[in-house]
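Q: I'd like to learn how to read a structure like this one, step by step. Could you walk me through it?

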Amino acid sequence: ENSYTVNSIVFAMEDILSKLESLKEDFEESLHPESTAYKAYAISDGGAVHEPARRGGGAAPGSPADLSTGPWTQFMLMLNSWRTLTASKLNLTCDSLTEPILDLPETATVHPQTTAVVSFLRQAVSFGEAMTDLLPVPQRAGAPGHLSDQSLKLRRLAEDMLQGHFEAMFDDKAGNDPFTSPHRSLFILNNLHYCVTELADDEIYAPLLDNSTVLSERLQYVESVKAHFVTAITRELEHLLVQDLGSVGDLKQYGIHIIEATKRLQQAHVALEVPDFDLRTELRFRVRSALLPGYSEKYAHLATLNLFGGPTRSKPVPKHILQTPDFFSVIISQLFEISETSSFPPALVGTPAAT
């Protein structure tokens, strides 16, 4: 067992449990005399069935001589035992899906454990009462008053899984700091964005999680990580591009510093992936907005200074010194691209093809 197969195991058990529950009514009707006696005299306690003694000792009048060996009793013992096993497996599944994620993908893409969390919650809905009957009834504080007990249980399950998944992505040594490296920052952003947006946009979970503090906090955290991530990866170039050229001694060397910083940005992040189309587009837009205006301005200024020889002041800056703004824009458009060979298919949201 592992976190990628445990879903199928627990829901296979849920399927068996729901089938047993559906047989209960038919069995009760066909085994009516014994089922009536069972309900009148049998006491189920942790899977064990005991015959109640009547007052004054002895068997209660009319009770079966050996109720525990009857087929109805055996069926109920099996049903109760299977329900207990399934509830235990359900708890183990939740624990497994929220274990710390230690094997970060090299591309910082969405981890299979993240997609398994969302898949688990969606499958939980499909089993209805067979699933929710195994869950405790949570407090109603903060939850919409119109939610039924079943819906309230699913809401609490989703909130617990969101919180557990959030904690699973952080390194014990780093604590809750996602900015130990751009790689870890993007990994947390990719995975948290996938999890919360999939649930926030889900036709079933969206109303269930209405006014959820946990979901609201996770969505706000996604926005915070976006801003910090873009700031971190653009900081070096942005620092160069805001410099006053009047204070720069060697303008040729200044241009070389810019192209070297551009190469570092490209090399460090072109291999990282953002599988969600909308998120990938937004991050590229933010990077382009932060860098391209300043880059274009500096390029235009250097191109008119005739620093590189030639009879006119409009000679283009040599490419080994500085690339054109259009080419710089192309570099940005290559950041965070998905790979057909390394991307995890369930995480490719928005389009099946690279964009």
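A: Gladly, and let's begin with vocabulary: helices (H or I, at least four residues) and strands (E, at least two) are DSSP runs, numbered from the N terminus. With that in hand, His269 can be placed in helix H10, which covers residues 251-269. This is a predicted model, where local features need pLDDT of at least 70 and side-chain atom pairs count only at pLDDT 80 or more, while totals for chains, interfaces and linings use all residues. Residues are numbered from 1 along each chain as its sequence is written, and side-chain values use heavy atoms, with hydrogens and water left out.

Q: How many helices and strands does the chain have?
A: The chain has 12 helices and two strands. In sequence order the pattern reads α-α-β-β-α-α-α-α-α-α-α-α-α-α.

Q: Is His269 buried or exposed?
A: The general idea is relative accessible area: buried means under 20%, exposed means over 50%, and partly exposed lies in between (1.4 Å probe, protein chains only). His269 has 6% relative accessibility, so it counts as buried. Over the whole chain of 355 residues, 44% count as buried.

Q: Which residues is His269 in contact with?
A: Contact means heavy atoms within 4.5 Å. Leaving aside neighbours within four places in sequence, His269 is in contact with Pro182, Phe229, Ile233, Leu335 and Phe336. One of these partners, Phe336, lies in the segment after helix H12 (325-333). Phe336 is itself buried, at 0% relative accessibility. Its phi is near 65°, a positive value in a residue other than glycine.

Q: Where does Ala108 lie?
A: Ala108 lies in the loop between helix H3 (71-97) and helix H4 (112-126). Although not a glycine, Ala108 has a positive phi of about 65°. Ala108 counts as buried because its relative accessibility is 0%.

Q: Which residues have the most contacts inside the largest nonpolar core?
A: A nonpolar core is a set of buried Ala, Val, Leu, Ile, Met, Phe, Trp, Tyr and Cys residues joined through side-chain atoms within 4.5 Å. The largest one here has 77 residues, and those with the most contacts inside it are Phe120, Leu121, Leu186, Tyr205 and Leu283. Helix H9 (residues 213-241) gives the most to this core, with 11 residues. For a look at one member, Phe120 touches Asn7, Val10, Phe11, Leu90, Thr93, Cys94, Leu97, Leu157 and Met161, not counting residues up to four places away in sequence.

Q: How do I describe two helices that pack together?
A: Two packed helices are described by the angle between their axes and the distance between the axes. Axes are lines fitted to C-alpha atoms, for helices over the stretch in contact, and angles run from 0 to 180 degrees between N-to-C directions. Angles under 35 degrees count as roughly parallel, over 145 as roughly antiparallel, 65 to 115 as roughly perpendicular and the rest as oblique. Take helix H7 (residues 182-200) and H9: they pack at an angle of about 150°, with their axes 9 Å apart. That makes H7 roughly antiparallel to H9. Residues of H7 that take part include Leu186, Leu189 and His193, while those of H9 include Val222, Phe229 and Ile233.

Q: What about H9 and helix H11?
A: The axes of H9 and helix H11 (residues 277-303) come within 10 Å and cross at roughly 20°. H9 and H11 are therefore roughly parallel to each other. Among the residues that meet are Phe229, Ile233 and Leu237 from H9, and Leu283, Val287 and Leu291 from H11.

Q: Is Thr86 buried or exposed?
A: Thr86 is buried, with a relative accessible area of 0%, and is placed in helix H3. Not counting residues up to four places away in sequence, Thr86 touches Val10, Met13, Glu14, Leu17 and Leu134. Leu85, also found in helix H3, is partly exposed, with a relative accessible area of 44%.

Q: How far apart are the C-alpha atoms of Leu85 and Leu17?
A: They are separated by 9.9 Å, although Leu85 and Leu17 are 68 residues apart along the chain. Likewise, Thr281 and Ser333 are 52 residues apart in sequence and 8.7 Å apart in space, C-alpha to C-alpha.
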